[in-house]
Amino acid sequence: MYIKALSATGIKDYLQCKLKIVLRYDREIPSIRNDHAKIGTAVHEALEQFTLRMLSKKSFPDPSDYEFAIATFMNSATQEGLENMSFYTDGRRIVTEFIDRFDPSEEIIDVEHKFKITTPDGIPITGAIDKVVKIDEDTIAIIDYKTARNALTPYELQDDVQLSMYDYAASLIWPQYKNRLLYLDFVRINKKVFTFRTEEQYRLFGEFLQSIWMQINKLEEEEVVGNINRLCGWCDYKDRCPAYANFINSKQLKLRPLTDIGDAEFVTHWEEIADQKAILESRQRDLKMTAHEKFMRGDIIQGGGKELY
């Protein structure tokens, strides 16, 4: 298998499920984006365009700036095909509150910086950094916007592949800054979480990139199968995955007596049940969203003598 460059998304795909990376990059099958992904794209576009506009003004925002950002969000959301009307309300609120917090004194180096560079070890890496801010002569902040409803913890950010990728790329793009602070800005809930990478973590990630690049390029498509895990319910390619189809079509739930299994099997079974629970909960969310959309259209959902309300 061949891919042009490593991205944080590609690395996560490979680690979660090798079939996913084959479908996305080798077969180049377009993903089926849900409304959560669509609102994320629309909010990112609005925040990017608003920030670029304010860079030229260098002032606090006025009513025209709010109107511009909201219109940008609405246009992007409709172009993305966002259907859930409550997401439009959420998106407008997120954008408005982001503008309320805008600080014109912030020394922004770049916005939506797209990179495709080669590491010293010859590994091509690619991505897009939402915002880069100068803190002092030796320090920059790398900021990535998130529209999730819950924030990660600083401890969880220590293992975040996307932030590690941005840190590594930033060291090559802006080598004049010795220190790099890494932020996830959860704009929906107005919470910033920050971390950084030590020299040891930096070197380890460089070795990690080499290993991942080698393993991906050794993949044989015909040998790749889907891997059932707790993120399957959120996967853009689940409808093309034989393993997922077998799981949701199976009516058998293998539950052995807990007294009959040893510690190693207990841990494995624990993880299997957690994966199955996550997939089923995601399926239930999809059902509720689809039912809500039908109700909003005035449709009636009934069958087997029952009717959903």
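## A walk through the chain

Start with the whole protein chain on screen: buried residues make up 40% of its 309 residues. Keep in mind that you're looking at a predicted model. Colour by secondary structure and you'll find ten helices and seven strands. Along the principal axes, the C-alpha atoms fill a box of roughly 60 × 55 × 40 Å. If you like contact maps, here's a number for yours: of the contacts between residues at least 6 apart in sequence, 68% join residues at least 24 apart.

**Stop 1: serine 7**

Select serine 7, in the segment before α1 (8–16). Is serine 7 buried or exposed? The cut-off for buried is under 20% relative accessible area, so serine 7, at 12% relative accessibility, counts as buried. Now show what surrounds it. Setting aside neighbours within four places in sequence, serine 7 is in contact with Tyr25, Thr126 and Met165.

**Stop 2: α3 and α5**

Next, select residues 35–57 for helix α3 and residues 85–100 for helix α5. Their axes come within 10 Å and cross at roughly 30°. Angles under 35 degrees count as roughly parallel, and α3 and α5 are therefore roughly parallel to each other. The crossing is right-handed.

Turn on side chains where the two helices meet. On the α3 side, pick Asp35, His36, Ile39, Val43, Ala46, Leu47, Phe50 and Thr51. Facing them from α5 are Phe87, Asp90, Gly91, Ile94, Val95, Phe98 and Ile99. Colour this contact by class and you'll get ten nonpolar, three polar and two charged residues.

**Stop 3: the sheet**

Now hide the helices and bring up the sheet. It's an open one, with five strands in the order β1-β2-β3-β4-β5 and mixed pairing. Which strands stand at the edges? Select 108–118 for β1 and 191–195 for β5: each has a single partner strand, so one side of each is left without a neighbour in the sheet. Rotate the view to see the twist: neighbouring strands are turned by 35° against each other on average, direction ignored.

Bring α3 back for a moment. It packs on the sheet, touching β1, β2 (124–136) and β3 (139–146). The direction of α3 makes about 120° with that of β1.

**Stop 4: β3 next to β4**

Zoom in on β3 and β4, which run parallel and are joined by eight bridges. For one of the pairs, select alanine 141 and its bridge partner in β4, leucine 181.

**Stop 5: β4 to β5**

Slide over to the other side of β4 (residues 179–186), where five bridges join it to β5 and the two strands run antiparallel. Three pairs are worth clicking through:

- Leucine 182 stands opposite threonine 195 in β5.
- Tyrosine 183 has phenylalanine 194 of β5 opposite.
- Aspartate 185 sits across from lysine 192 in β5.

While the side chains are on, it helps to remember that in a regular strand they alternate between the two faces of the sheet.

Last selection: the turn. β4 and β5 form a hairpin with four residues between them. Within that turn, pick asparagine 190 and check its backbone: phi is positive, at about 50°.

Notes: Residues are numbered from 1 along each chain as its sequence is written. This is a predicted model: local features need pLDDT of at least 70, side-chain atom pairs count only at pLDDT 80 or more; totals for chains, interfaces and linings use all residues. Side-chain values use heavy atoms; hydrogens and water are left out. Axes are lines fitted to C-alpha atoms, for helices over the stretch in contact, and angles run from 0 to 180 degrees between N-to-C directions. Angles under 35 degrees count as roughly parallel, over 145 as roughly antiparallel, 65 to 115 as roughly perpendicular and the rest as oblique. A crossing is left-handed if the near helix is turned anticlockwise from the far one by less than a right angle, and right-handed if clockwise. Contact means heavy atoms within 4.5 Å. Ala, Val, Leu, Ile, Met, Phe, Trp, Tyr, Cys and Pro count as nonpolar, Asp, Glu, Lys and Arg as charged, and the others, Gly among them, as polar. Two strands pair if DSSP finds at least two bridges between them. Buried means under 20% relative accessible area, exposed over 50%, partly exposed in between (1.4 Å probe, protein chains only).
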